[in-house]
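The paragraphs below walk through one protein chain, beginning with its surface and overall build and ending with a single residue. Please keep the sequence and the 3D view open while reading.

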Amino acid sequence: MKPVVLSLGVFPPATMSALAELFELHHFTVYPLPEGTLNPDVKARIRAIATEANRGAARDLIASLAEA
């Protein structure tokens, strides 16, 4: 089973292909994520977040993943 990664933002196609080969990828371009976007099962399995360099991940998103 591949590690689960949440990706946020727009990435070059080659980057997305490489991430998808290595990880179970849950990709969203809309951020912040609307409430309820990630189901609890997925949230509990996320082990990493990939973001655009100028975007980052908000503290509340990281905290919500830690609580799952």
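Buried residues, meaning those under 20% relative accessible area with a 1.4 Å probe and only protein chains considered, make up 28% of the 68 residues in the protein chain. The model is a predicted one, in which local features need pLDDT of at least 70 and side-chain atom pairs count only at pLDDT 80 or more, while totals for chains, interfaces and linings use all residues. Residues are numbered from 1 along each chain as its sequence is written, and side-chain values use heavy atoms, with hydrogens and water left out.

The protein chain has three helices and three strands, where helices (H or I, at least four residues) and strands (E, at least two) are DSSP runs numbered from the N terminus. Read from the N terminus on, these elements follow the order β-α-β-α-β-α. The radius of gyration, taken over C-alpha atoms, is 12 Å, close to the 11 Å that the globule rule (2.2 Å times the number of residues to the power 0.38) gives for 68 residues, so the protein chain is as compact as a globular protein of that length. Along its principal axes, the C-alpha trace spans about 30 × 30 × 15 Å. Of the contacts (heavy atoms within 4.5 Å) with a separation of 6 or more, 46% are accounted for by residues 24 or more positions apart.

In soluble globular proteins, nonpolar side chains tend to be buried together. Here the largest nonpolar core, a set of buried Ala, Val, Leu, Ile, Met, Phe, Trp, Tyr and Cys residues joined through side-chain atoms within 4.5 Å, has nine residues, namely Val4, Leu6, Leu8, Leu33, Leu38, Val42, Ile46, Leu61 and Leu65. Strand β1 (4-8) and helix α3 (59-67) each supply at least two residues of this core, and β1 gives the most, with three residues. One of the core members, Leu61, is in contact with Leu6, Leu8, Tyr31, Leu33 and Ile49, once its neighbours within four places in sequence are left aside.

Which residues, beyond its neighbours within four places in sequence, is Val4 in contact with? They are Glu24, His26, Arg45, Ile46, Arg47 and Ala48. Val4 has its place in strand β1 and is buried, with a relative accessible area of 3%. The C-alpha atoms of Val4 and Ala44 are separated by 9.5 Å, although these residues are 40 residues apart along the chain.

Key:
Buried < 20%, exposed > 50% of the residue type's maximum accessible area, 1.4 Å probe, protein only.
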